[in-house]
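The following note is offered to a colleague who is meeting this structure for the first time. It is set out as numbered points and may be read alongside the sequence and the model.

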Amino acid sequence: MSDNDDISLQTRFAHFSRPKAGLGTPVNYGIDRASTLLFDRAEDLYRSDLRGYGRHGSELHDNLEAAFCALENGAGTSLTSSGLSACSLAILSCVKAGDHLLLTDSAYGPVRSFCLNYLNRFGIDTEIYDPRIGAGIKDLIRPNTTLIWLESPGSLTFEVQDIPAVVACAQAQKVITAIDNTWSAGLTLKPLSLGVDISVHSATKYFGGHSDLLAGAVISQTKAMARKVNQTRRQLGHSLSPDDAYQVLRGFRTVIPRFRHAESSALTLAKWLEGRTNVGRVLHPALPSHPDHNIWARDFSGGACIFSFTLKGKNEDDAVSFINHLKLFGIGYSYGGFESLAIHCGPQLRRSQTGQDFGGPIIRLACGMESVNNLQHDLEQALNALT
Ligand SMILES: Cc1ncc(COP(=O)(O)O)c(C=O)c1O
């Protein structure tokens, strides 16, 4: 992330969506909690230019949608009540019965399950592809392929996809591309500028920032796509509660410094872990040893708070024991919050194209706001306890 980008976006987020100062105006808009919206004339109930019901959002939601558009230079955003519902909304906006969907092998597990175990009931055929397939994806595109789903770096194992190569093949065949961009928070990867049609976020992570809410956002590159996604959102009844919308918008104010702290800690720990006793591979794309480092360096402007590593010559029980020895890293799912977290990945790892063997049990670390020295000591004592 260059300092220039950093400052301009950071300044925008600090000043974004604030009421005009008067005589003692709060710095942020308040929360309008409403299901019913009242009208003083019955004729206005069915006007298409007015918001008719709480599920359709509020001014606060409009401001949050504008913040996501500013983040990724999108044409429109739809908000949902979780990252997973944002992913399923994006997919449902693009597919119909009889369609073929291409899904990266390292997609977030519940998205994989949604495609393979739910969409299949409606005659939508999901084919899993190797995240490193690049331009080879053209051989998988069929006449009925409507959507290619990307996630880069992939969940748990952090393969980086050649987004421009996949997009070029998709565009040549008029196939829509959508990416789960949660890892980068839209700060270190701008997929819409690489030609991707839809970028999806779990706002639960960095934008919530405090592990106390769930939210999702679907950002579209064009107005037409944004209308399509929003229409599907309304048909499915998705909404984000006003309280959560408020917290996510507040999260935008500080997301960049929080992200940068965690990004820097993650890289420091990844470098330190390389070559330690008991450590096999370190799966962080900013490391030159990562097989996709060059693609990452071309398309990304920085890292993120989360990466994985394997334990050398150890088994899944050792991974559990290692995590149980950690004192500062909490044991729990998610990332982007203020506290560091660790999980062992084996039980949820599903790979059909890339294989399940990564040379040892995989541990995923998510860095929070703690001092990186303290986190490093924590990892060191837990690694020492293994020997
Ligand atoms: C890459 C990715 N996408 C989507 C999600 C789902 O987000 P949520 O927990 O907000 O439903 C997660 C959650 O861990 C994730 O890691």
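The points below treat the ligand, the pocket, the cavities and two features of the backbone.

1. Status of the model. The structure is a predicted model, and the remarks that follow should be read in that light.

2. Surroundings of the ligand. The ligand is surrounded by 14 residues, and the closest are Gly83, Asp180, Ser202, Thr204 and Lys205. Sorted by class, this shell comprises five nonpolar, six polar and three charged residues.

3. Polar contacts of the ligand. Which distance separates a polar side-chain atom of threonine 204 from an oxygen atom of the ligand? The value is 2.5 Å. For serine 202, a polar side-chain atom is placed 2.8 Å from an oxygen atom of the ligand. In the case of lysine 205, an N or O atom of the side chain is 2.7 Å from a ligand oxygen atom. The ligand taken alone would expose 390 Å², of which the protein buries 90%.

4. The largest pocket. The ligand takes up the space of the largest pocket, whose volume is about 600 Å³. The lining of this pocket is made up of 32 residues, and those closest to the pocket centre are Tyr108, Gly109, Pro110, Ser155 and Arg364. Helix 3 (83–92), helix 4 (109–117) and strand 6 (198–202) are the elements that contribute two or more residues to the lining. By class, the lining of the largest pocket consists of 14 nonpolar, 11 polar and seven charged residues.

5. Enclosed space. Rolling a probe the size of a water molecule over the atoms shows where empty space is left. How many cavities of 30 Å³ or more are counted? The count is two.

6. The largest cavity. Its volume is about 50 Å³. The residues that line the largest cavity are Ser17, Asn28, Tyr29, Leu60, Tyr246, Leu249, Arg250 and Arg253. Helix 7 (residues 242–273) supplies the largest share of this lining, namely four residues. In terms of class, the lining of the largest cavity holds four nonpolar, two polar and two charged residues.

7. The second largest cavity. This cavity encloses about 40 Å³ of space. Its lining is formed by Tyr206, Arg258, Phe259, Ala262, Gly336, Gly337, Phe338, Cys367 and Met369. Six of these lining residues are nonpolar, two are polar and one is charged.

8. Backbone features. Most residues other than glycine have a negative phi, and most peptide bonds are trans. Two places in the model merit a look against that background. The first concerns the peptide bond from serine 152 to proline 153, which is cis, with omega near -5°. Proline 153 belongs to the loop between strand 4 (145–151) and helix 5 (163–172). The other concerns serine 17, a residue other than glycine whose phi is positive, near 50°. Serine 17 is situated in the loop between helix 1 (3–15) and helix 2 (59–72), and Ser17 is also one of the residues that line the largest cavity.

Key:
Residues are numbered from 1 along each chain as its sequence is written. This is a predicted model: local features need pLDDT of at least 70, side-chain atom pairs count only at pLDDT 80 or more; totals for chains, interfaces and linings use all residues. Side-chain values use heavy atoms; hydrogens and water are left out. A residue is near a molecule or strand if one of its heavy atoms lies within 4 Å of it. A polar contact is a pair of N or O atoms within 3.5 Å; within protein, one must be able to donate a hydrogen and the other to accept it, and residues adjacent in sequence count only if both atoms are side-chain atoms. Accessible areas come from the Shrake-Rupley method with a 1.4 Å probe; for residues, only the protein chains shown count as cover. On a 1 Å grid over the protein atoms alone, a cavity is a set of points where a 1.4 Å probe fits but cannot get out, and a pocket is an open set with protein on both sides within 12 Å along at least five of seven lines; lining residues have an atom within 4 Å of a point. A molecule sits in a cavity or pocket if more than half of its atoms lie within 2 Å of its grid points. Ala, Val, Leu, Ile, Met, Phe, Trp, Tyr, Cys and Pro count as nonpolar, Asp, Glu, Lys and Arg as charged, and the others, Gly among them, as polar. Grid points are joined across faces, edges and corners, and a volume is the space filled by probe spheres set on the points.
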